[in-house]
Amino acid sequence: MNDRNLVRGLVLAALALGFGLGALRYPIHDFAHAGPGLFPLLVSSLLGIVALVTILRSRFVAPVPLAFNPRNIGLLLAALCSFALVSKLLHNMIAGIVLMTFIAGFAASTRSWRRDLKVAACLVAIAFGFQKLLGLNLPLY
């Protein structure tokens, strides 16, 4: 099984199945009076459809070899850990988001600080949207 597309589809299917089965432990109810399990079940169903399409597509396109790049995996793990550490120590998620984005940018095949800055700005805007529109208590200041 050295096909990146097939592995991607199988991992997505496993994630969808895991979250879908977890959502069934909560009341679903109906669309008029949604229970806490309805939204995760819908999202996992959509992810399952994407997984199925990815698995089917992998059967009709040329296989792409599966390769792991330990350097990139390490950079992404370092980016996530730096986000958690900086956000906790400074009580400021914006600094954590920016640092995470710039560290993760080193994993890209081409380095662009402008792209990293745009991605960081979008992530900060999403965080502000979660804080203001959804009322989440995020330490953004």
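## Asn 5 and its surroundings

Let's start with Asn 5, which touches Thr 54, Arg 57, Ser 58, Val 61, Ala 62 and Val 64, leaving out residues up to four places away in sequence. This is a predicted model, and in it Asn 5 belongs to helix 1, which covers residues 4–23.

Is Asn 5 buried or exposed? Its relative accessible area is 7%, so it counts as buried, the cut-off being under 20%. The side chain of Asn 5 also has a polar contact, at 3.4 Å, with the side chain of Arg 8.

## The nonpolar core

Next, the inside. Which residues make up the largest nonpolar core? There are six of them: Met 93, Ile 97, Val 124, Ala 127, Leu 138 and Leu 140. Two elements, helix 4 (93–105) and helix 5 (113–133), each give two or more residues to this core. As a general point, nonpolar side chains in soluble globular proteins tend to be buried together.

Ile 97 is a handy core residue to click on. Setting aside neighbours within four places in sequence, Ile 97 is in contact with Phe 83, Ala 120, Leu 123, Val 124 and Ala 127. Of these partners, Val 124 and Ala 127 are also listed in the core.

## A nonpolar patch on the surface

Nonpolar residues turn up on the outside too. Val 119, Leu 123, Ile 126, Phe 130, Leu 133, Leu 134 and Leu 136 make a nonpolar surface patch of about 670 Å².

Take Leu 133 from that patch: you'll find it in helix 5. With a relative accessible area of 74%, Leu 133 is exposed, because the cut-off for that is over 50%.

## One salt bridge

How many salt bridges does the count come to? Just one. The partners are Asp 116 and Arg 111, and their closest N and O atoms are 2.2 Å apart.

The two ends of the pair sit in different settings: Asp 116 is buried, with a relative accessible area of 3%, while Arg 111 is partly exposed at 42%.

## Leu 76 in helix 3

Last stop: Leu 76, part of helix 3 (residues 70–90). Leu 76 is partly exposed, with a relative accessible area of 43%. Not counting neighbours within four places in sequence, Leu 76 is in contact with Ala 104 and Ala 107.

And how far apart are Leu 76 and Tyr 26 in space? From C-alpha to C-alpha the separation is 33 Å, and along the sequence the two are 50 residues apart.

Definitions and conventions
Residues numbered from 1 in each chain as written. Predicted model: local features only at pLDDT ≥ 70, side-chain atom pairs only at ≥ 80, totals over all residues. Heavy atoms only, no water. Core = buried A, V, L, I, M, F, W, Y, C linked by side-chain atoms within 4.5 Å. Buried < 20%, exposed > 50% of the residue type's maximum accessible area, 1.4 Å probe, protein only. Helix = DSSP H or I, 4+ residues; strand = E, 2+ residues; numbered from the N terminus. Contact = heavy atoms within 4.5 Å. Salt bridge = Lys/Arg side-chain N within 4 Å of Asp/Glu carboxyl O. Patch = residues over 30% accessible without salt bridge, like charges linked within 9 Å, V, L, I, M, F, W, Y side chains within 5 Å. Areas by Shrake-Rupley, 256 points an atom, 1.4 Å probe, with all protein chains shown as cover. Polar contact = N/O pair within 3.5 Å; in protein donor to acceptor, adjacent residues only side chain to side chain.
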